[in-house]
Amino acid sequence: MTRVPEIDPFHAITLSALAHRLAAEGRSVIHMEFGQPSTGAPREAIARAHHVLDTDPMGYWESQPLKERIARHYRAQYGVDVAPERIVLTCGASPALVLALSSCFAPGARVAVARPGYVAYRNTLRALHMEPVEIACGAAERFQLTAGAVAALEPAPEGLIVASPANPTGTILSGAALAAIVEVCRARSIRIVSDEIYHGLSFGEPARSVLEFDPEALVVNSFSKYFSMAPWRLGWLVAPEDRVAAARARMGNLFLTPPALSQHAGLVAFECREELEGHLAVYRRNRDLMLEALPGWGVRRIAPPDGAFYLWADIGHLTDDSLAFCEALLRETGVATAPGVDFDPVEGRRFMRFSFAVSTDRVEEAIRRMTPWFAARMEAGA
Ligand SMILES: Cc1ncc(COP(=O)(O)O)c(C=O)c1O
């Protein structure tokens, strides 16, 4: 009988459940464990949703205007032409990833991913009976993939998942680095799936889309991060012409359509740039505050994030058990964070991830609480 694949738990969810229990007991908790904006959907998008609720009975639906708006976004932002027919609307990036992988690769396929990387890459691959091939990416590479590392994989995998800005590090691949990876993949017939969910959230140069370099790549994206609409469960997949029918068939059978209400709101969210850029300014300030604080905690081995809202911190001077460390931090200070083991099953015991997608006053309060806590830990270890 074929074996049912084992899937790792997401430890941050366990810690988050503890954080909510502590809050229910009356403790003051600051949530830095999930990459989830605390701001809610843009005001105009919410207003549109109210109007739709009052006037439209709704049904299963894939919004043509939204697909056309997304296509326009690719032309304006990246200078690439994407026909609306190549866009499949999904219930977030998570199902888009399932569609991308399952419409390109067969069970048993080897698909390379960066380590550290988003926990769901390796677990989604396993759930689909595919084999994640982890590429160790160290501090010297700012925890990102390099063309050399992809070229060195033997045998060549069938696929590669690229993420820029990446989770858990927020680091971005330059255009040249992304082009070089695409070149290696082209030469070795490796199909690229690019997770561009953190696009729009860059502190310097904007992130480049893989579609600027490789029209055959698949792109996963979502309204969960830049658009601050995670609970609306809306995202999209861009598929090349030869895979789009396969992806659309899977969407219809596995998930039907994304929520109609979210599609109406998502279309309006594209026009709410001013409000959304305001969130980015908050994340930039939060990032700077965290980067100022970390050296005082002995946390010096960090790759400053170029985008997203994460900081991947090496806490090897304090622990070799990040799960226990994050739990103690939560119980003793009320600050919830994510243990590195979620993102790196090999080295993650000496890393943790801070998400600074909360308001600046929450970050300031978290730093106030964590500074003496880390100092005490350093003293105890000295
Ligand atoms: C890198 C990455 N990809 C995909 C997702 C899934 O996002 P969605 O809410 O769009 O399903 C997340 C969520 O945190 C993520 O960090």
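Visitor: How far is an oxygen atom of the ligand from an N or O atom in the side chain of S222?

Guide: In this predicted model, the two atoms are 2.7 Å apart. To read such a pair, compare the distance with the cut-off: a polar contact is a pair of N or O atoms within 3.5 Å.

Visitor: Which other side chains can I look at in that way?

Guide: Try S94, where an N or O atom of the side chain is 2.5 Å from a ligand oxygen. Then turn to R233, with a side-chain N or O atom 2.8 Å from an oxygen of the ligand.

Visitor: How much of the ligand does the protein bury?

Guide: The protein buries 90% of the 400 Å² that the ligand exposes when taken alone.

Visitor: Which residues are closest to the ligand?

Guide: Of the 13 residues surrounding the ligand, the closest are A93, S94, D195, Y198 and S222. By class, this shell holds five nonpolar, five polar and three charged residues.

Visitor: Which pocket does the ligand take up?

Guide: The ligand's space is the largest pocket, with a volume of about 480 Å³. Its lining has 22 residues, and G35, S94, Y118, I197 and K225 lie nearest the centre. Helix α4 (residues 93–104) gives the largest share of that lining, three residues.

Visitor: And what lines the second largest pocket?

Guide: That pocket, with about 250 Å³ of space, is lined by 19 residues, with H73, Q77, H199, G200 and R273 nearest its centre. Two or more lining residues come from each of α3 (64–78), β7 (218–222) and α10 (273–293). The lining divides into eight nonpolar, eight polar and three charged residues.

Conventions: Residues are numbered from 1 along each chain as its sequence is written. This is a predicted model: local features need pLDDT of at least 70, side-chain atom pairs count only at pLDDT 80 or more; totals for chains, interfaces and linings use all residues. Side-chain values use heavy atoms; hydrogens and water are left out. A residue is near a molecule or strand if one of its heavy atoms lies within 4 Å of it. A polar contact is a pair of N or O atoms within 3.5 Å; within protein, one must be able to donate a hydrogen and the other to accept it, and residues adjacent in sequence count only if both atoms are side-chain atoms. Accessible areas come from the Shrake-Rupley method with a 1.4 Å probe; for residues, only the protein chains shown count as cover. On a 1 Å grid over the protein atoms alone, a cavity is a set of points where a 1.4 Å probe fits but cannot get out, and a pocket is an open set with protein on both sides within 12 Å along at least five of seven lines; lining residues have an atom within 4 Å of a point. A molecule sits in a cavity or pocket if more than half of its atoms lie within 2 Å of its grid points. Ala, Val, Leu, Ile, Met, Phe, Trp, Tyr, Cys and Pro count as nonpolar, Asp, Glu, Lys and Arg as charged, and the others, Gly among them, as polar. Grid points are joined across faces, edges and corners, and a volume is the space filled by probe spheres set on the points. Helices (H or I, at least four residues) and strands (E, at least two) are DSSP runs, numbered from the N terminus.
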